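Colleague: Please take a close look at one part of this predicted model. I want the packing at residue level. Then work outward from there.

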Amino acid sequence: MEFTITVPTIACEVCGQTITKAIQNHDQKAQVAVDVPSKVVSIQTTLSETALKNIITEAGHTPA
């Protein structure tokens, strides 16, 4: 499934890398794209939206 999640706490590319690694630790085949200026994360994964938001939160960010 594909999800687009707004993450207002994304400030830089390192934030994006942190979120990407966290998601891929749970689903190695996940395709993650982070748009830092718009603070949006697009994910293709088998994980649920709830799981993704929990992973992002565990990575130190706050999904909208």
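Modeller: Start with the contact between helix α1 and helix α2. On the α1 side, the residues are Ile19, Ala22, Ile23 and His26. They meet Leu52, Ile55, Ile56 and Glu58 of α2. By residue type, this contact holds six nonpolar residues, one polar and one charged. His26 is the polar one, by the classes used here. Glu58 is the charged one.

Now the geometry of that pair. Helix α1 covers residues 13-26, and α2 covers residues 49-58. Their axes lie 9 Å apart, and the packing angle is about 130°. An angle over 145 degrees would count as roughly antiparallel, and 65 to 115 as roughly perpendicular. The value of about 130° falls in neither range, so α1 and α2 are oblique to each other. Their crossing is right-handed.

Next, the sheet. Three strands make up an open, antiparallel sheet, in the order β1-β3-β2. The edges belong to β1 and β2, each with a single partner strand, so each has one side without a neighbour in the sheet. On average, neighbouring strands are turned by 15° against each other, direction ignored. Helix α1 packs on this sheet and touches β2 and β3. The direction of α1 makes about 160° with that of β2. Helix α2 lies across β1 and β3, and runs at about 40° to β1.

Go strand by strand. β1 is residues 2-6 and β3 is residues 40-44. Five bridges join these two antiparallel strands. One place to look is Thr4, whose bridge partner in β3 is Ser42. Strand β2, residues 31-35, also pairs with β3 in the antiparallel sense, again over five bridges. Here Ala33 stands opposite Ser42. So Ser42 faces Thr4 in one pairing and Ala33 in the other, because β3 sits between β1 and β2 in the order β1-β3-β2. Further along β2, Asp35 is opposite Val40 of β3.

Which residues does Thr20 touch, leaving aside its neighbours within four places in sequence? Thr20 belongs to helix α1. Its contacts are Val32 and Val34. Both fall within β2, residues 31-35. Thr20 has a relative accessible area of 16%. Buried means under 20%, so Thr20 is buried.

Finish at the hairpin of β2 and β3. Four residues lie between these strands. Lys39 is in that loop, and has a positive phi near 60°. Is Lys39 buried, exposed or partly exposed? Its relative accessibility is 29%, so Lys39 counts as partly exposed. Lys39 also has contacts far off in sequence. Val7 is 32 residues away along the chain, yet the two C-alpha atoms are 5.4 Å apart. Leaving aside neighbours within four places in sequence, Lys39 is in contact with Ile5, Thr6, Val7, Pro8, Ile10 and Ala11. Of these, Ile5 and Thr6 fall within β1, residues 2-6.

How values were computed
Residues numbered from 1 in each chain as written. Predicted model: local features only at pLDDT ≥ 70, side-chain atom pairs only at ≥ 80, totals over all residues. Heavy atoms only, no water. Pairing = 2+ DSSP bridges. Axes fitted to C-alpha atoms, helices over the stretch in contact; angles between N-to-C directions. Parallel < 35°, antiparallel > 145°, perpendicular 65-115°, else oblique. Left-handed = near helix turned anticlockwise from the far one by under 90°. Contact = heavy atoms within 4.5 Å. Buried < 20%, exposed > 50% of the residue type's maximum accessible area, 1.4 Å probe, protein only.
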